[in-house]
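Hi,

Here is the structure I promised to pass on. Could you have a look at it while you read my notes below?

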Amino acid sequence: MAQTHTGLGGIKNVLRQPGKIAISYNGAPSDNAEASHAAALVADAYTMFLLGPFYFRQNGTVFAMNGESKVDDELCDEVLAVLRPGLGVAAEDRVILFISRSDKQLRRVRMTLNGLDSTRGAEVEVTLRAYRSIGGVLWPTDFDERVRSPFDLHAHHWNLCGLEFNRGLSPADLKLNQWTAKSAKPTASIAQ
């Protein structure tokens, strides 16, 4: 997973590989452990939001039925997934998948965030909506996040604006201090 974040402080690049995380700020690599752990947690969580059920095919995941509930008036079966290792650098996280009985789509994920001291014990849920078929796969394109514990608060809302497959990137295209022109090119926009 390679991410670029642009903000008031400049550009942050994140490169996440299994068991590894590297970040840079404005082209300078960072060795700040807390920032690296936060970046790993965010990269893993966003991968889970996008990939949905595919994310849980990793080794070490244990599943159990967890009841039923409604999401957007849609009856869903709840499936508890225990991730070992968890998100980011966590030894373990728990994720409840809310799967629609009528169309079998993943409607929501509720997860623990044990990868940082500051978030340990917190629970967050993301509701996935507006699925679209792109490349023969149904992808969620609308995401709504709420903090559920230790307090109830709407966190943020975002949309998937672009998605590409097999851009032909190699590890050499993803140098931490600066992506190549091929990898820095914006993702192809999803036709609205």
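Before the hairpin comes up, a word on terms: two strands count as paired if DSSP finds at least two bridges between them. Please also keep in mind that this is a predicted model.

**The seven-stranded sheet**

With that in hand, let me start with a hairpin. Strands β7 and β8 form one, with 5 residues between them. In its turn, Lys 104 has a positive phi of about 65 degrees. The two strands run antiparallel and are joined by 5 bridges; in one place Ile 96 has Arg 110 of β8 as its bridge partner.

On its other side, β7 is joined to β6 (residues 74–83), again antiparallel, by 8 bridges. There Val 82 stands opposite Arg 94 of β7. Is β7 enclosed or open to the outside? Of its 8 residues, 6 are buried, so β7 is largely enclosed by the rest of the structure.

These strands belong to an open sheet of 7 strands, paired antiparallel in the order β5-β6-β7-β8-β9-β12-β13. Its edges are β5 (62–71) and β13 (153–159), each of which pairs on one side only. On average, neighbouring strands of this sheet are turned by 20 degrees against each other, ignoring direction. At the β13 end, 6 bridges join that strand to β12 (residues 142–149) in the antiparallel sense, and Phe 143 stands opposite Trp 158 of β13.

**The four-stranded sheet**

There is also an open sheet of 4 strands, with the order β1-β2-β3-β4 and antiparallel pairing. Here the edge strands are β1 and β4 (28–30), and each of them pairs on one side only. Neighbouring strands of this sheet are turned by 25 degrees against each other on average, direction ignored. Between β1 and β2 the antiparallel pairing runs over 6 bridges; Thr 6, for example, has Ile 11 in β2 as its bridge partner.

**Helix α1 and the sheets**

Which strands does helix α1 lie across? In the seven-stranded sheet, α1 (residues 33–51) lies across β7 (93–100), β8 (106–112), β9 (123–129), β12 and β13, and runs at about 160 degrees to β8. In the four-stranded sheet, α1 lies across β1, β2 and β3, at about 110 degrees to β3. It is worth turning the model to view this helix against each sheet.

**The pockets**

The largest pocket holds about 1,400 Å³ of space. Its lining is made up of 36 residues, and those nearest its centre are Met 1, Ala 2, Gln 3, Leu 50 and Thr 187. At least two lining residues come from each of β1 (2–7), β2 (10–17), α1, β13 and α2, with α1 giving the largest share, 6 residues. By class, the lining has 21 nonpolar, 11 polar and 4 charged residues.

What about the second largest pocket? Its volume is about 440 Å³. Of the 18 residues lining the second largest pocket, Arg 16, Pro 18, Gly 19, Asp 44 and Tyr 55 are the closest to its centre. Strands β2 and β3 (20–25) and helix α1 each supply at least two residues of this lining. Once again α1 gives the largest share, here 4 residues. The classes in this second lining are 9 nonpolar, 6 polar and 3 charged residues.

**Ser 183 in helix α2**

One last residue to click on is Ser 183, which lies in helix α2 (residues 181–184). Is Ser 183 buried or exposed? Its relative accessibility is 11%, and buried means under 20%, so Ser 183 counts as buried. Apart from its neighbours within four places in sequence, Ser 183 is in contact with Arg 167, Leu 169, Asp 173 and Leu 174. As for Ser 170, it is 13 residues away from Ser 183 in sequence, and the two are 9.0 Å apart in space, C-alpha to C-alpha.

Best wishes

How values were computed:
Residues are numbered from 1 along each chain as its sequence is written. This is a predicted model: local features need pLDDT of at least 70, side-chain atom pairs count only at pLDDT 80 or more; totals for chains, interfaces and linings use all residues. Side-chain values use heavy atoms; hydrogens and water are left out. Axes are lines fitted to C-alpha atoms, for helices over the stretch in contact, and angles run from 0 to 180 degrees between N-to-C directions. Contact means heavy atoms within 4.5 Å. Buried means under 20% relative accessible area, exposed over 50%, partly exposed in between (1.4 Å probe, protein chains only). On a 1 Å grid over the protein atoms alone, a cavity is a set of points where a 1.4 Å probe fits but cannot get out, and a pocket is an open set with protein on both sides within 12 Å along at least five of seven lines; lining residues have an atom within 4 Å of a point. Grid points are joined across faces, edges and corners, and a volume is the space filled by probe spheres set on the points. Ala, Val, Leu, Ile, Met, Phe, Trp, Tyr, Cys and Pro count as nonpolar, Asp, Glu, Lys and Arg as charged, and the others, Gly among them, as polar.
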